[in-house]
Each structure stands twice: as C-alpha cells, then as structure tokens.
Amino acid sequence: MKSDTIWAMSHLHTGPRQPWADEDGAVPPASWGRDVPPGRSLPWGFMLVIALLVVGRFALAPYLTSAALQTWATVFVAICVQALPFLVFGVALSAAITAFVPGSFWTRALPRHPAAAVPVAGMAGAVLPGCECASVPVASGLMARGVTPAAALAFLLASPAINPIVLVATAVAFPGQPLMVAARFGASLIVAVLVGWLWLRFGRSEWLRIPSRPHGEGSKLGAFAEAMRHDLLHAGGFLIVGGLAAATINVLVPREWLTAVAGIPWLAVLVMALLAVLLSICSEADAFVAASMSAFSPTAKLAFLVVGPMVDLKLIALQAGTFGRAFAVRFVPLTFGLAVLVSALSGWLLL
Amino acid sequence: MAVAVNRATQNLVLILLGGAVLRISAFSATYLNYVKPGFRPFLIGAGAVLMLLGVSGLVQIWRSKGTEADDHRREDRAHGSRTEDGHDDHGQGDRGHDGHGRGGHGHAHGGPRVAWLMCLPVFAIFLIAPPALGSFAAARDDAPRPRSQALTAFTPLEGDGPVDMKIGEFIGRAWDDETRSLSGRQIRLTGFVVPSKKKGQWFVTRMQLACCAADAFALKVAVKGVPAPPADTWVEVTGAWVPHGFEKMPAGIVHPELAATDVMKIDAPAEPYEDQSY
C-alpha cells in the first residue's frame with residue numbers, strides 16, 4: 001500500500017506556477033519533480049488521486065488485509081485523526097494572530113529588551129493552549145510579526161509543554177503525585193527559557209529562515225483564510241510524516257525490549273527521552289502513555305514528558321520544514337540535551 | 001523543475017481530507033476505531049473547517065478569472081506588503097525577504113509539495129479501512145499495566161445470576177479488592193479472543209485507549225476450561241474468578257484468570273475500546 005501510494009504520488013502533477021524550491025523540506029523523493037507543460041490550471045494531480053482512490057477501492061482493498069498492515073494503518077490514522085483538531089485549532093490561532101493582531105502589538109506586549117522578552121514569552125505558553133504541531137506555525141507567525149526569534153522559540157517550546165490542558169492531563173494521569181505536574185511545569189519552562197537565552201546569545205540570523213506570511217485579498221477574513229490554508233498544508237503534511245514514522249515504530253519495535261532497559265537508571269532516562277522523540281505523541285496525550293510505562297522510574301517518565309513536547313520526529317520535520325534545516329540541525333540537539341539534563345536534575349530534586 | 005501544489009489542488013486536498021474526516025466522524029461511527037467517543041465534536045468541527053476552507057478557496061478562485069495573471073499580482077502583493085507591517089526595527093522584515101530571495105517559502109499560491117501527503121490518511125481510510133485494534137496489537141502489548149490507581153472501594157456485586165462486568169473492572173477487583181467481591185460469583189466478560197502461548201488458556205481482551213489508538217493498551221483476562229475460538233472473534237465468556245494464590249504480586253506479567261463455563265460468539269460492539277471509568 002505504502003509503496004503503491006508513493007509510486008502514485010510520483011505521478012501527481014499540477015500546473016506549475018513557480019518552481020518548488022523548498023529544499024529544506026526534503027521529504028518528498030526526487031522522483032516527484034517531473035516536467036509538466038506549464039500554464040495548466042486544471043488540477044490533474046488531484047484527479048489522479050481520485051481515480052486511484054476509486055480504482056484502489058475495488059482493485060486493491062480486498063488484498064490489504066494483513067493484520068500487521070491493518071494495525072499500522074489504525075495507528076497511523078489514529079495519530080492523524082487525533083492530532084487534526086488540535087492542528088486546525090492551533091493553525092486557526094496562528095492565522096488569527098497573523099490576520100487580526102497588528103504587528104506592533106507583539107513588539108509592545110513583550111519587553112523591549114530581548115533577554116527579558118524570552119521568559120515572558122515562555123510564561124505566555126502557560127496561558128495559551130496549543131499542541132506542539134500548532135506551536136510551530138504560531139511561533140513562525142510571531143517571528144514574521146517581528147517578535148525576537150529567541151522569544152518566539154521560548155514560546156514554541158513552552159506552550160505545548162506547560163499549557164493548562166496539558167497540566168490537567170498530567171494531573172489526571174498521575175493521581176496523588178502533584179509533584180509530577182510541578183516538575184513538568186518547572187523543568188519545561190526552565191528548558192524553554194534557557195534555550196531562548198542561548199539562542200539569543202549564540203544564535204545567528206542566517207541559521208533561521210523566517211517564513212513569510214502570505215497576504216491574501218485585502219479583507220482581514222481573506223487574509224485569515226489564506227494564512228490558515230497555508231499553515232494547514234504545511235503543518236499537516238509534516239504531521240503526516242511524523243504519523244507515518246510513529247506508526248511504523250509502534251508496530252515494529254517490541255515492547256519487551258523497553259522493559260528490559262528500565263532497570264538501569266541513566267539508561268532509562270535516556271531511553272524514555274528517545275522514546276518521546278520517536279513516538280511523537282501529542283503533549284495532551286503523552287502523560288497517559290508515560291504513566292502506563294510502569295516499569296520506568298518517575299525521573300525517566302519526567303524526561304519523557306519534558307522532551308516529548310519539545311523534540312520529536314513530527315516536530316523535527318515541522319521545524320525543518322518551517323524554519324529550515326540549518327535551524328533544525330542546531331536547535332534540536334540543543335533542546336534535547338538541555339531537556340534531558342534539566343529533567344534528570346529536577347527529577348532527582350523533586351521526585 | 002518541480003511542481004508546487006496549485007491553488008485549486010490545495011483546496012481540493014483540503015476538501016478531500018475534510019470529507020474523509022467527516023465521513024468517519026459525522027456520518028459513521030468509524031472514528032471509534034481510532035479515538036475516544038468524546039472526541040467526535042472536535043473531529044466534526046475540524047472536518048467542517050477543512051471543508052469550509054477548501055470550498056471558500058475554490059469559490060475565490062472561481063470568482064477571480066484569469067487566474068494566472070491574478071496569481072502573479074497577488075504574489076507581488078505578498079512580497080510587497082511586508083513593509084506595511086511597520087516593525088522593521090528588528091530587521092526581521094528583511095530577513096523575511098531573504099527567505100523569499102532564496103525562493104524557499106514564497107508559496108503565496110503554490111503550496112508545499114509535502115501537502116500531497118495529506119492524501120495519505122485518506123488513502124488509508126478508504127483503501128485499508130483500518131479496523132479497531134485486535135489480537136495483533138494485543139499480543140504485542142504484553143507489558144504489565146498500572147493497577148487501578150483510583151482505589152475507591154469496590155461495591156459488592158448485586159443480583160444472583162452472572163454479572164456483566166468490564167474487563168478493566170474485573171482486573172481491578174481481581175488484584176486490588178480486599179473484600180474479594182468476585183469470589184463465588186459468575187462473571188460475564190465481553191471481549192475479543194487473543195491466543196496465548198501457554199497451553200490450555202486464551203485471553204478475552206479489550207483494548208483501552210489512553211488518548212487514541214496509537215497509545216492503546218490491552219486488558220487481558222486468561223480464560224481456562226473452554227477451547228479457544230479463532231483469534232479476533234468477539235465473545236461473551238461466563239465463568240468464575242480463579243483466586244490467585246499469592247499475597248504480593250509476583251514479578252513478570254500475570255493476568256487474572258477465569259474458569260469459564262460458557263463462551264458465546266457475539267457481534268463486535270459499536271464501541272470497540274473499553275471505557276476507563278468503572
């Protein structure tokens with residue numbers, strides 16, 4: 001099924017208006033780009049997709065019944081379906097910021113001094129609910145609106161980790177352990193602010209590609225819809241990449257391997273952190289998964305909860321796609337290292 | 001020379017995805033295979049928003065004739081309007097231009113090709129029609145589960161006949177109920193069949209969702225005394241709890257046991273996953 005689809009995708013063309021130069025996306029294979037006579041406005045590619053769906057429905061569907069494939073598809077569709085409403089909401093929020101909030105608002109709302117703007121933006125994450133897939137477009141919207149990148153990055157890291165919905169979910173998942181909620185909040189905020197400050201001190205502007213916002217027809221509503229469409233197509237595509245990876249890992253890696261590892265403390269922390277990266281679960285949901293890993297120590301679970309909303313496959317793909325690969329190559333390891341370090345420390349202190 | 005997703009196609013992809021989401025949430029109960037029941041309004045909302053965005057986009061394209069010229073005009077405006085934002089004091093407006101200069105992100109009308117991937121869930125939904133997680137996933141998932149954390153008092157079982165019980169509740173009562181309310185009662189459990197590696201037993205199983213099917217875990221009760229139906233068959237098993245002979249939980253994976261007297265084949269329930277509350 002997968003290879004069939006990819007094969008099909010390589011034949012999907014639509015009239016090019018502009019060369020696709022999103023090199024940093026790098027997800028689609030090179031075979032995607034084939035020459036098509038220019039100036040065509042009919043959506044041929046889309047018609048091919050529909051034709052394939054109709055034909056496949058009758059010709060392929062009866063054969064796509066292996067248990068492993070079905071389980072993979074269930075997990076893949078579940079991740080997409082679970083994340084989609086959060087994505088749509090977050091993208092709407094980001095588009096609303098783009099369309100309705102004047103650019104000058106942000107420069108006024110945040111402290112003028114960048115070093116002070118970072119912690120304020122981090123704390124703002126505690127107020128604005130948003131899942132991590134949405135925080136990337138929101139943060140890029142902030143940057144496009146003139147917010148210091150370091151502050152926008154602090155918001156990007158903090159918002160999915162410490163917003164009220166996530167904290168409530170964490171409290172529900174760990175009943176009778178309020179310290180887990182406190183540790184998650186504290187460690188995540190510290191990491192977000194530290195990364196922001198480090199970026200401010202050492203970051204270079206050429207590493208970061210600040211996405212431009214498309215400006216639609218004159219009306220605000222038009223601009224809103226245009227920005228939302230743009231972000232959805234971007235973030236949505238990369239969410240699918242993450243969903244594919246997570247489903248594949250979910251079906252292929254035996255869980256017994258994990259329990260064997262849990263016995264060694266430092267390894268357990270590292271493994272849980274890496275697992276958070278691989279599984280790419282939404283921050284609204286990850287507390288329940290962490291709680292279910294009963295073999296692991298609270299500190300290892302905390303690492304899972306702190307790393308997950310900040311670094312995971314889906315996010316790396318999203319960030320690389322939005323801000324460019326040069327950014328992701330530096331930002332992701334920095335965040336991961338700090339997140340592991342800070343959660344190990346606060347786990348040792350609090351839990 | 002590569003291909004951007006043109007404007008009409010962008011909107012059509014949104015409509016396709018929105019339609020697929022609405023189909024599994026608003027017009028059928030398929031969404032229950034993937035997420036929790038309470039998530040339905042959000043799915044319908046998200047699907048509707050996708051549809052609305054796509055349709056409004058198409059209408060907009062329909063209205064503006066001579067799309068080619070119009071697109072270029074719009075593109076120019078997109079580039080030009082950055083300066084209107086009035087916050088160039090940070091120099092970000094310029095950087096935004098640089099991004100454009102590299103040609104990277106200027107799909108004011110041409111979407112990123114990665115957007116094609118949004119067709120993949122639609123393919124999965126229509127071609128594979130992924131069912132609820134079954135014995136394949138349940139057999140993989142053999143990690144011990146956290147025992148019922150909300151240790152509220154277990155109420156005594158009422159009535160005389162067999163008691164219908166969720167598998168999660170059975171497991172809770174089997175391990176954590178000090179009054180041993182299960183003793184001497186006939187219990188009826190509903191779930192699907194998962195074969196066991198051990199001889200003479202099989203599992204009656206329900207999956208439970210933490211959040212969505214991606215983090216589902218299996219609730220299993222070992223059934224003894226009756227031959228195993230084929231894997232993935234939905235059954236109602238009636239039998240008596242076999243009290244465990246240990247004071248403390250032994251290490252490793254243990255499942256509570258049921259000495260079954262009767263197995264009845266049933267249709268798969270509309271809601272395949274077991275609710276957490278009991």
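## Chain A overall

Of the 351 residues in chain A, 58% are buried. The model is predicted. Chain A holds 16 helices and 0 strands.

Contacts in chain A reach far along the sequence. Take those with a separation of 6 or more: 84% of them join residues 24 or more positions apart.

## Annotated spans in chain A

An unreviewed UniProt entry marks parts of chain A as "transmembrane region". Its list opens with residues 42-60, 72-101, 150-174 and 181-200. It goes on with 232-253, 260-281, 287-307 and 327-350. These labels come from the record, and such annotations may be inferred rather than shown by experiment.

Two of the listed spans can be described from the coordinates. Residues 181-200 of chain A are 100% helix and 0% strand. The end C-alpha atoms of that span lie 29 Å apart. Residues 327-350 of chain A are also 100% helix and 0% strand. Here the end C-alpha atoms are 33 Å apart.

## A:Phe323

Where is A:Phe323 placed in chain A? A:Phe323 sits in helix α15, which covers residues 313-323.

Is A:Phe323 buried or exposed? A:Phe323 is buried, because 27 other C-beta atoms lie within 10 Å and the cut-off for buried is 20 or more.

Some partners of A:Phe323 are distant in sequence. Set aside the neighbours within four places, and A:Phe323 is in contact with A:Ser140, A:Leu208, A:Arg209 and A:Ala328. One further pair gives a sense of scale. A:Thr107 is 216 residues from A:Phe323 along the chain, and their C-alpha atoms are separated by 21 Å.

## Positive phi in chain B

Most residues other than glycine have a negative phi. Two residues of chain B depart from that pattern. Phi of B:Ala129 is near 45 degrees, a positive value. Phi of B:Asp232 is positive too, at about 75 degrees, although the residue is not a glycine.

Both residues lie in loops. B:Ala129 is in the loop between α5 (119-128) and α6 (135-140). B:Asp232 is in the loop between β4 (217-224) and β5 (234-242). The first loop thus links helices, and the second links strands.

How exposed are they? B:Ala129 has 18 C-beta neighbours inside 10 Å, so B:Ala129 counts as partly exposed. B:Asp232 is partly exposed because 17 other C-beta atoms lie within 10 Å. Both counts fall between the cut-offs of 12 or fewer for exposed and 20 or more for buried.

How values were computed
Residues numbered from 1 in each chain as written. Chains lettered and ligands numbered in written order. Predicted model: local features only at pLDDT ≥ 70, side-chain atom pairs only at ≥ 80, totals over all residues. Helix = DSSP H or I, 4+ residues; strand = E, 2+ residues; numbered from the N terminus. Contact = placed C-beta atoms within 7 Å.
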